[in-house]
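Please open the model in your viewer and keep the selection panel at hand. We will go from one selection to the next and say what is found at each stop.

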Amino acid sequence: MEGVIVLLVQLSVPVLLLLIGLVVGTTTERLHLGRLASREREFAGMSVTDIRTFGPGADPSKHAALVSGEAVIATDYLKSFLAGFRKILGGELRSYRSLMGRARREALMRLLAEARRKGFNAVCNVRYETADIGGFTGKRGAVMVECFAYGTAYRLETRDSQ
Amino acid sequence: MILVNTETIPGMRIVELKGIVQGNTVRAKHLGRDIAASFKNIVGGELKGYTELLTEARREALERMLAQAEQLGANAVLNLRFSTSAVTQGAAELYAYGTAAVVEPE
């Protein structure tokens, strides 16, 4: 009888963590995706390219400048638990794919926000970079993705400067 | 100092190239942030402490690069690149490099 109780107590902690992951993690992700979508609409008027040259109609009177954005996002307990199973079976880790996507989009939105704040309406040569500060290589390390976006902001004469 | 990651600047002409300038920094995260991060791993979401840490580290690498460019007498850095490498577990090297140049309005 005692053994059963001990087992139940030991099981309840991971189950509780899984539940928290399910409720809070899923809500956080949904809210973040919603915020990203609305900010992407807000910045839809800006010209963003990963081409190394400036678009036609670049305004020479305003000097181009470097802009950047950064985001570090962690996964939740449920998703890393499920990913553990997936790693045995192989195949696509869909929850981590969404995590990478969120970090990249968040970094780009921060880059665009900086560009707009500085009075630019276009960005070219956007590059993405990731840093590993102990997420994937560590045994007890947290599962998180770090994404950094940088590019050159400039002003296009042909568009309204917002 | 004009900083761009393109090879040209609209309205500016390259007068002289000064060569490659670079700056780096190796940063470790600290325990307090680790504890916050392990908590975040249950609920998910952004790790603001790490975001700040990386932004600050990149700024430092960039500043070291700019100091080199200034020493060479440049007023712009073209084709700027950022790079990272894992040195040891829990630490990362952030590296910024570019071409220092003297530019003037056309």
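Begin by selecting strand S2 (residues 12–28) of chain B together with strand S5 (residues 91–105) of chain B, which run antiparallel and are joined by 15 bridges. Strands here are DSSP runs of E with at least two residues, helices are runs of H or I with at least four residues, both are numbered from the N terminus, and two strands pair if DSSP finds at least two bridges between them. Within this pair, B:Arg27 has B:Ala92 in S5(B) as its bridge partner.

What you see is a predicted model, in which local features need pLDDT of at least 70 and side-chain atom pairs count only at pLDDT 80 or more, while totals for chains, interfaces and linings use all residues. Residues are numbered from 1 along each chain as its sequence is written, and chains are lettered from A and ligands numbered from 1 in the order in which they are written.

Next, add strand S4 (residues 76–88) of chain B, which is antiparallel to S5(B) and joined to it by 10 bridges; here B:Arg81 stands opposite B:Tyr97. S4(B) and S5(B) form a hairpin with 2 residues between them, and B:Gly90 in the turn has a positive phi of about 85°.

Now turn to the contact between the chains, where two residues are in contact if their C-beta atoms, placed from the backbone, lie within 7 Å. The contact takes 46 residues from chain A and 32 residues from chain B. On the side of chain A that touches chain B, the largest share, 9 residues, comes from S2(A). Select S2(A) with strand S3 (residues 44–46) of chain B, and you will find an antiparallel pairing over 2 bridges, in which A:Ile73 stands opposite B:Glu46.

Keep A:Ile73 selected and add A:Leu111, A:Val123 and B:Val77, the residues with the most contacts inside the largest nonpolar core, which has 57 residues. Such a core is a set of buried Ala, Val, Leu, Ile, Met, Phe, Trp, Tyr and Cys residues joined through C-beta atoms within 7 Å, and a residue is buried if 20 or more other C-beta atoms lie within 10 Å of its own.

Finally, select H1(A): is this helix largely buried or in the open? Of its 41 residues, the number buried is 4, so H1(A) lies largely in the open; the buried ones are A:Gly21, A:Gly25, A:Thr28 and A:Glu29.

How values were computed: Buried ≥ 20, exposed ≤ 12 C-beta atoms within 10 Å, placed from the backbone.
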